[in-house]
Amino acid sequence: MMKHIISLGLIFLAVLLGGLFYLTRPDEARLAYGADMGRVPQITNPRSQWIPVPNIAEAVGWKTGEAPTPANGLGVVRFAEGLAHPRSMLKLPNGDVLVAETGAPKREPDGIVDRITLWYMNKAGAGGAPANRITLLRDADGDGKAEVKTAFLTGLNSPYGMALVGDTLYVANTDAVLAFPYKEGDTRITAKGRKIVSLPHGAPNPHWTRSLLASPDGSLLYIGIGANSNIGENGLETETNRAAVIELDPKTGDNRIFASGLRNPIGMAWEPVSGTLWTVVNERDMLGSDLVPDYLTRVEFGGFYGWPWNYWGGYEDRRVEPGRPEIREYTKRPDFALGNHTAPLGLTFSTGAKLGAPFEGGAFIGLHGSWNRKPRSGYKVVFVPFEKDGRASQSGKPIDVLSGFLSADTEEARGRPVDVLVAKDGALLVSDDVGGVIWRVIRK
């Protein structure tokens, strides 16, 4: 009898372990490379996952003398190093560069899935207490390296977006937009920030970044705020003014939703030909390695881009309850797919860049890299060519500008690109939060 019970117990354990292995194994991509990119990406059937299945490259940093791999005809050097998670950047009129050394606000994990996720984020190099400062970098002698590195603003709360309008520097913390007095040439601001408006930041606040962009005339600010969940599972009542681009009048604090249904809009920029607002968006997870494409798109006033009920212009996500199939016809389709789970963060257009062909007339994008895809995707800087009418290229795929952030076996990440910025001299600056470096890409 006892042997029979033991045998049944072993069978049950084997079935349990087998089921656990089946449910937690990484879903492997089946699409050919590039099929999930461009104006018309291939959209597969969803392969829903019960729990998130991380596949993160372990952060190891760069050894002395190591660097990413530039495209043919380009070179790369270290503009600044020894930084603590450098992420968003802002070029000042005199050529100085501000960089936010920042990270997610500290929080206690809620449940086993959250604990596992945070453990993997630490493995990816995203852990530790954030520096919560903005640092000024200055290349005064023009040798392509910042010999001045000073704490410009401190005591912030997970700062990300920055915008300069006249003599006012705006900073988007995770919970508010602040205004600081700015004087050209200063290397530090000691004045206390003036709060313009509070921003949604309720727990768990997984998408904590708040990107910031001034309108061309400086009268308005645009704030990118990510969703508080993957597909609204924390309750849609927690998503008020999230998964959206917010338009703010900094003089009055009045604000409104400019566009919605954008799961996590981060990098934003004005397209130079049409004068329209563009952004890069991180789409939803747990539909397999072949869904959903992250993307680059125009942001139209009043536009709805699908989240959480549908994706890529009308493919219904049946996991979301209650469903709303009636809004599919009002969903805008994004302009250009950047690949599944590539995690685009940085965006800048090539105006002023001096990298030569084919890196003219288009957008540079920093792909931070996947955390749950097999094989891993992103982990590089790419260029998307634009047509003369100010739209993303109808043919072709993104062109690699800077790669080699992953080791040869892709198991380790020496770095992860975040933001991209055209410097005053026409070089391309790339922030690398894992490597703690600002890379300078130049034409040979």
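Where in the chain is S158 found, and between which two strands? S158 sits in the loop that runs between β8 (148-153) and β9 (161-165). Keep in mind that you're looking at a predicted model. Let's start with that serine, then move on to the sheet beside its loop, the nonpolar cores and the salt bridges.

**S158 and its surroundings**

- Is S158 buried or exposed? Its relative accessibility is 1%, and buried means under 20%, so S158 counts as buried.
- The side chain of S158 has a polar atom that lies 2.7 Å from the backbone oxygen of G103.
- If you skip residues up to four places away in sequence, S158 still touches T102, G103, A104 and P105 among others.
- Its other contacts include P130, N132 and W208, along with A172, N173 and T174.

**A four-stranded sheet**

- One to trace with your finger: an open sheet of four strands, in the order β5-β6-β7-β8, with antiparallel pairing.
- Why do β5 (86-91) and β8 each have one side without a neighbour in the sheet? Both stand at the edges with a single partner strand, so there's nothing from the sheet on the other side.
- Going from one strand to the next, the twist averages 30 degrees.
- For β8, the pairing with β7 (residues 133-138) is antiparallel and covers five bridges.
- One bridge you can look up here is R138 with its partner V148, which belongs to β8.
- As a bit of background, strands of a sheet pair through backbone hydrogen bonds, either parallel or antiparallel.

**The nonpolar cores**

- How many residues are in the largest nonpolar core? It has 23, and V401, L428 and V441 have the most contacts inside it.
- The elements giving two or more residues to this core are β4 (74-80), β25 (380-385), β26 (399-403), β28 (417-422), β29 (428-432) and β30 (437-443).
- β30 provides the largest share of the core, at three residues.
- Take L428 as an example: leaving out neighbours within four places in sequence, its contacts include V381, V401, V420 and V441.
- L428 is also in contact with T348, L355, F364, W439 and R440, to name some others.
- There's a second, separate core too, with 19 residues, including A259, M268, L277 and V299.

**Salt bridges**

- Across the structure you'll find 20 salt bridges.
- E247 and R256 make one of them through their side chains, at 2.7 Å from N to O.
- In that pair, E247 is buried at 8% relative accessible area, whereas R256 is partly exposed at 43%.
- R324 and E326 form another, and their closest N and O atoms are 2.9 Å apart.
- Here R324 is partly exposed, with a relative accessible area of 35%, and E326 is partly exposed as well, with 42%.
- E411 also has a salt bridge, this time with R376, where the closest N and O atoms are 3.4 Å apart.
- That pair links distant parts of the chain, 35 residues apart: E411 is in the loop between β26 and β27 (412-413), and R376 is in the loop between β24 (362-367) and β25.
- E411 is partly exposed at 43% relative accessible area, while R376 counts as buried at 15% relative accessibility.
- Which residues are joined into one network by salt bridges that share partners? They are E283, R284, D317 and R319.

Definitions and conventions:
Residues numbered from 1 in each chain as written. Predicted model: local features only at pLDDT ≥ 70, side-chain atom pairs only at ≥ 80, totals over all residues. Heavy atoms only, no water. Buried < 20%, exposed > 50% of the residue type's maximum accessible area, 1.4 Å probe, protein only. Polar contact = N/O pair within 3.5 Å; in protein donor to acceptor, adjacent residues only side chain to side chain. Contact = heavy atoms within 4.5 Å. Core = buried A, V, L, I, M, F, W, Y, C linked by side-chain atoms within 4.5 Å. Pairing = 2+ DSSP bridges. Axes fitted to C-alpha atoms, helices over the stretch in contact; angles between N-to-C directions. Salt bridge = Lys/Arg side-chain N within 4 Å of Asp/Glu carboxyl O.
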